[in-house]
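Open the model in your viewer and keep the sequence panel visible. The stops below say what to select and what is there.

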Amino acid sequence: MVQTTSALSIFLIATGATAFAPLPSSHSINSRKATSSSPAGTAIRPIQPTAPQLSASPLEVVDETTSASDDAFANYQATEEQTTIAIKDLVIGSGYTVGETSESQLLQVKYSARLLGSKFTAKIREFDIPNMVFPTNQSRILPGLEEGLQGMKVGGKRLVKVPPNKGYGDSWYRGVVAPNSHLEFDVELKNIAQTPGEEFMMKLEQFGVERAVGAAACLAYLAVSPMLEKSGIL
């Protein structure tokens, strides 16, 4: 009986050791078949399943966010029927905003202008202004231009088309802008003063530091000259 049990144990160890192992996959069976059928001394690599290669095609980004202001700008006509301004933002700023308060704001802008609907399409030299400081709500600039600045942020750039009724109307301007002319302004909002100190510095920059120093020297001379005369110095 002991001999029978021992023989059975040896048989299980020799042939049944894989009874508790996972069942061989079809891939393993195929690999064994390929190995057994190959010539002696030739190593057969198991066939590795390969995932299908998908070629990535570039995505085309289509901008479908055309705003109403862009449509109005593109459809602007330099005719008598055109009585509203049109704007187009070139650069969106990130600072303070024109019109964010009902009170007057001191703006610093750079702008140039050209005629629309005219054979003279070049920029008007008299309107090539590198630095201009003015308060809003005080009729210091054309109504159409001030309207076109509303909503701009510091650092922003914008094109503003202005019809005659919000520009120079039916009159000549400096012999350059003919009556009933449509204008296009290219504007950059450089700054909006937030404190009296900023207002002073913006006005000083527009006036010119050298001119300001010269004016201060003249005023100082006028103030002290009577005393110098009495002292016999002058």
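Begin with the whole chain and its contacts. Counting contacts between residues at least 6 apart in sequence, 66% join residues at least 24 apart. This is a predicted model.

**Whole chain**

Colour by secondary structure. The protein has 6 helices and 5 strands, and from the N terminus on the order is α-α-α-β-β-β-α-β-β-α-α. Now show the surface: about 16,800 Å² is exposed, and carbon and sulfur atoms supply 58% of that area. Of the 234 residues, 25% are buried.

**Confidence**

Colour by pLDDT next. The mean for the protein is 76, and 62% of the residues reach 70 or more. Select residues 16–42, where pLDDT stays under 50 and the model has 9 contacts beyond four places in sequence. Then select residues 54–64: pLDDT stays under 50 here too, and the model has 0 contacts beyond four places in sequence. Where pLDDT is low, the predicted coordinates should not be read in detail.

**The largest nonpolar core**

Select Leu-107, Val-109, Leu-149, Phe-185 and Leu-189, and show their side chains. These residues have the most contacts inside the largest nonpolar core, which has 24 residues. Which elements each supply at least two residues of this core? Select them in turn: strand E2 (106–116), strand E3 (129–135), helix H4 (143–149), strand E4 (157–162) and strand E5 (182–192).

Stay on Leu-107 and display its surroundings. Leaving aside residues up to four places away in sequence, Leu-107 touches Val-98, Met-132, Val-133, Phe-134, Thr-136, Leu-149, Leu-189, Asn-191, Ile-192 and Met-202. Two of the residues selected at the start of this stop, Leu-149 and Leu-189, are thus among the contacts of Leu-107.

**A second core**

Select Phe-73, Ala-86, Leu-116 and Leu-159. They are included in a second core of 5 residues, separate from the other.

**Two loop residues**

Go to the loop between E3 and H4 and select Ser-139. Its phi is positive, about 55°, although Ser-139 is not a glycine. Is Ser-139 buried or exposed? Ser-139 is exposed, because its relative accessible area is 69% and the cut-off for exposed is over 50%.

Finish in the loop between E4 and E5, where Asn-180 is found. Asn-180 is also a residue other than glycine with a positive phi, near 60°.

Definitions and conventions:
Residues are numbered from 1 along each chain as its sequence is written. This is a predicted model: local features need pLDDT of at least 70, side-chain atom pairs count only at pLDDT 80 or more; totals for chains, interfaces and linings use all residues. Side-chain values use heavy atoms; hydrogens and water are left out. A nonpolar core is a set of buried Ala, Val, Leu, Ile, Met, Phe, Trp, Tyr and Cys residues joined through side-chain atoms within 4.5 Å. Buried means under 20% relative accessible area, exposed over 50%, partly exposed in between (1.4 Å probe, protein chains only). Helices (H or I, at least four residues) and strands (E, at least two) are DSSP runs, numbered from the N terminus. Contact means heavy atoms within 4.5 Å. Accessible areas come from the Shrake-Rupley method with a 1.4 Å probe; for residues, only the protein chains shown count as cover. pLDDT is the predictor's confidence in each residue, from 0 to 100.
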